Amino acid sequence: VPTAETLPDLPMVLVQLFRWLSNNYSDPYVAGLLTFVAIILPAFILWYNRKARLQTGEPLEGEDNHIPNLPIPEDVDHIPLAYTRYSLEQMRQRSKDFYTLMSKRRTVRFFSDADVPVEIVQEIVRTAGTAPSGAHKQPWTFVVVRDKETKRRIREIVENEEEINYSRRMGSAWVDALKPLRTTFVKLYLETAPYVVFVFKQVYGIDSDGSRQGFYYQEISCSIACGFLIAAIHFAGLVTVTHTPLNAGGQL
């Protein structure tokens, strides 16, 4: 894979490649086409590599300060660990009790529209925010939607895209895998459930001076936080369905 360090050598390599192709292919159009491909492919690899590094927050080669890394100050006060040492028997029982609780969790697609006090949802989101994250950047935003009209609009956007997903985008294997679950593009729960919680990944943050703040392992961090969120919802006595709206992200 070409890197920033090898870029200065690429022009000479391409010239030599074109000469070699010209000597081996009598048709200059074929030689030109192959040289064009040889130009496009390294450029695409460099673009894709750059995009992947931006997504993970890794510094770009030769551009360590492209997105400034603003670490937590070394002299910041840390919250001490409040550790309770349990006996082995207590640990066995607690791990068993927690498994028993979590094993009763189910994905639910039919919800009651009964109201839930918002402070319960706030505490659940606070719990999700305690999840570990890359460099403790906490690269997530939780948005809690309660307004009925907004939920109706969300459902409309999602169902429009999901109908296309089920009919064309996902393919027969994916659709067949969903048949035992009896799911369709109709997502009534997006309107019925009292709350819809969006989890947005933050690719970078903005510092007080307007500069970008690098975040790391955003998707992994958000995934862990979502695990905390689902567990907290279940622990509170509520239910969930995890929904990933394919191709609807931009509109939402």
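**Exercise 1. Place Glu-162 in the fold and decide whether Glu-162 is buried or exposed.**

Solution.
- Start with secondary structure. Helix α5, residues 148-169, contains Glu-162.
- The model is a predicted one.
- Next, take the accessibility. The relative accessible area of Glu-162 is 6%. Buried means under 20%, so Glu-162 is buried.
- Finally, list the partners. Beyond four places in sequence, Glu-162 contacts Phe-185, Lys-187 and His-243.

**Exercise 2. State how far the prediction can be trusted along the chain, using pLDDT.**

Solution.
- Take the whole protein. Mean pLDDT is 83, and 72% of the residues reach 70 or more.
- Look for weak stretches. Residues 1-8 have pLDDT below 50, and this stretch makes 9 contacts in the model beyond near neighbours in sequence.
- Residues 59-66 also fall below 50. That stretch makes 13 contacts beyond near neighbours in sequence.

**Exercise 3. Explain why Cys-222 and Cys-226 are not bonded to each other.**

Solution.
- Count disulfides. The structure holds 0.
- Check the distance. From the sulfur of Cys-222, the closest cysteine sulfur is that of Cys-226, at 6.6 Å.
- Apply the cut-off. A disulfide needs sulfur atoms within 2.5 Å, so 6.6 Å is too far for a bond.
- Reverse the view. For Cys-226, the nearest cysteine sulfur is that of Cys-222, and Cys-226 is in no disulfide.
- Add the surroundings. Cys-222 is buried at 7% relative accessibility. Cys-226 is partly exposed at 25%.

**Exercise 4. Work out how far apart in their helix the partners Arg-92 and Glu-89 lie.**

Solution.
- Confirm the pair. Arg-92 and Glu-89 form a salt bridge, with N to O at 3.7 Å.
- Locate both. They sit in helix α3, residues 88-102, 3 residues apart, which means a separation of about one helical turn.
- Check exposure. Arg-92 is exposed at 52%, and Glu-89 is exposed at 51%.

**Exercise 5. Describe the salt bridge of Arg-152 and the network that Arg-152 belongs to.**

Solution.
- Find the partner. Arg-152 pairs with Glu-156, with the closest N and O atoms 3.0 Å apart.
- Place the pair. Both are in helix α5, 4 residues apart, or about one turn.
- Check exposure. Arg-152 is partly exposed at 32%, and Glu-156 is partly exposed at 33%.
- Contrast a pair between two elements. Glu-219 and Lys-201 meet in a salt bridge at 3.1 Å, N to O. Glu-219 lies in helix α8 and Lys-201 in strand β2, 18 residues apart.
- Return to Arg-152. Shared partners join Glu-149, Arg-152, Arg-153 and Glu-156 into one salt-bridge network.
- Close with the total. The count of salt bridges is 12.

Terms used: Residues are numbered from 1 along each chain as its sequence is written. This is a predicted model: local features need pLDDT of at least 70, side-chain atom pairs count only at pLDDT 80 or more; totals for chains, interfaces and linings use all residues. Side-chain values use heavy atoms; hydrogens and water are left out. pLDDT is the predictor's confidence in each residue, from 0 to 100. Contact means heavy atoms within 4.5 Å. Helices (H or I, at least four residues) and strands (E, at least two) are DSSP runs, numbered from the N terminus. Buried means under 20% relative accessible area, exposed over 50%, partly exposed in between (1.4 Å probe, protein chains only). A salt bridge is a side-chain nitrogen of Lys or Arg within 4 Å of a carboxyl oxygen of Asp or Glu.
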